[in-house]
Amino acid sequence: MQRLAAIILAMLLGISSAVFAPMQGRADPMPALGPEDRNAWMTVGLVNAAGYRGKASCTGTLIAPDLVLTAAHCASTIAGTGKKRHFVAGWDRGSFVAHRLSSEIHVHPGYISTTGNERFKYDIAVLQLETPIDAAKVPPLPLSDAAPLRLGELAVLGYHRKRPNVINGRFDCVTQPQSSPVVVLLDCEVISGNSGGPVLAQTGDDWTVVAVVAGRTGGNTPQALAVPVGDWVMSHWRDAMNRAEARRSEG
């Protein structure tokens, strides 16, 4: 518990300071995916305030035709203000497969109402899009709140400041023993921009989103910090799937 408390404290000193800490460990902690792999992950994209050429950005994942999963600190400052976030699916050196604006930003209520050592576990949000993205063009990734899927070797994907124009990631991130029901710790390093990116478990031939990157710890053994998918996200996902079914019925 002391180790976990230290990790939490490091995170709460500021997501940005944790994320921008000097990289140590692997020479390329979050390498670019190859062309074939990039084509397979068009569901993951940029989340930013300036459109498809914005430099300051986070990562998001399409989990329903009109719903994007990301980190709360990527959107909380404008939630409820009427301002919007852009989602650019499959951004790849100037090309992309879809671009949408948010119509609503839903930040986990615990992130807004909580301060101190409890806030980290609520760093998760969803963006409801103004218009849905055709699932045949960009198939949403499934998600799960099943705790066993968060164990073992997982994948982490996202866009980061060192290589912002292609998707980057690793598929060999191992869950650490200090993980708990409210935080997933992985032995992969993450870089500014990876926030909001999906943590995925392989289930057969498919991949399932099980957590969202929120930040990282510093020190000689950097670790990624991720917030597990839970009831709050699943509730928004079910609402989004109901909207999708209603649109199909109307069509």
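1. How many cavities of 30 Å³ or more does a search of the whole structure find? The search finds one. The structure is a predicted model, and the points below describe its computed features, beginning with this enclosed space. The volume of the largest cavity is about 40 Å³. Its lining consists of Arg-38, Trp-41, Met-42, Val-44, Gly-90, Trp-91, Asp-92, Tyr-159 and Ile-167.

2. As to overall make-up, the chain has 251 residues, of which 52% are buried. Five helices and twelve strands make up its secondary structure. Among contacts in the chain with a separation of 6 or more, 68% are between residues 24 or more positions apart.

3. The first sheet to consider is a barrel. Six strands close into it in the order S1-S2-S3-S6-S5-S4, with antiparallel pairing. From one strand to the next, the twist averages 40°. Within the barrel, strand S3 (residues 67-70) is joined to strand S6 (residues 125-129) by four bridges in the antiparallel sense. One pair can be located by residue: Val-68 has Leu-127 as its bridge partner in S6. Helix H5 packs on this sheet and touches strand S2 (57-64), S3, S5 and S6. The direction of H5 makes about 165° with that of S3.

4. The other sheet is open. Six strands form it in the order S8-S7-S10-S11-S12-S9, and the pairing is antiparallel. Its edge strands, each pairing on one side only, are strand S8 (163-174) and strand S9 (184-186). The twist in this open sheet averages 35° from one strand to the next.

5. The pairing of S7 with S8 may be followed in detail. A hairpin of two residues joins S7 to S8. Strand S7 (residues 153-160) and S8 run antiparallel and are joined by six bridges. Gly-158 has Asn-168 as its bridge partner in S8, while Leu-154 is partnered in S8 by Cys-173.

6. Which residues have the most contacts inside the largest nonpolar core? They are Trp-41, Leu-69, Phe-87 and Leu-200, in a core of 49 residues. Trp-41 is also one of the residues that line the largest cavity. Leu-69 touches, beyond residues up to four places away in sequence, Thr-59, Gly-60, Thr-61, Ile-63, Ile-124, Ala-125, Val-126, Gly-196, Val-209, Val-212, Val-229 and Val-233. Apart from the largest core lies another, of 16 residues, including Cys-173, Val-184, Cys-188 and Val-199. Cys-173 of this other core is the residue in S8 that is the bridge partner of Leu-154.

7. The second largest pocket holds about 210 Å³ of space. Its lining comprises 14 residues, and His-108, Lys-121, Val-227, Pro-228 and Gly-230 are those nearest its centre. Two or more lining residues come from each of strand S12 (223-228) and helix H5 (231-250). H5 gives the most to this lining, with three residues. Helix H5 therefore appears in two settings, and the other is the packing on the barrel described in point 3, where H5 touches S2, S3, S5 and S6.

8. Is Asn-194 buried or exposed? Asn-194 counts as buried because its relative accessibility is 0%, and the cut-off for buried is under 20%. This residue is found in the loop between S9 and strand S10 (198-203). Beyond its neighbours within four places in sequence, Asn-194 is in contact with Met-30, Thr-59, Gly-158, Tyr-159, His-160 and Val-213. Among these partners, Thr-59 is also touched by Leu-69, Gly-158 is bridged to Asn-168 in S8, and Tyr-159 helps to line the largest cavity.

9. A last residue deserves a reader's attention for its backbone. Arg-93 has a positive phi of about 55°, although it is not a glycine. Arg-93 is found in the loop between strand S4 (86-89) and strand S5 (98-107). Arg-93 is classed as exposed because its relative accessible area is 58%, and exposed requires over 50%.

How values were computed:
Residues numbered from 1 in each chain as written. Predicted model: local features only at pLDDT ≥ 70, side-chain atom pairs only at ≥ 80, totals over all residues. Heavy atoms only, no water. Core = buried A, V, L, I, M, F, W, Y, C linked by side-chain atoms within 4.5 Å. Buried < 20%, exposed > 50% of the residue type's maximum accessible area, 1.4 Å probe, protein only. Contact = heavy atoms within 4.5 Å. Pairing = 2+ DSSP bridges. Axes fitted to C-alpha atoms, helices over the stretch in contact; angles between N-to-C directions. 1 Å grid on protein atoms, 1.4 Å probe; cavity = no way out; pocket = protein on both sides within 12 Å on 5 of 7 lines; lining within 4 Å. Points joined across faces, edges and corners; volume = space filled by probe spheres on them.
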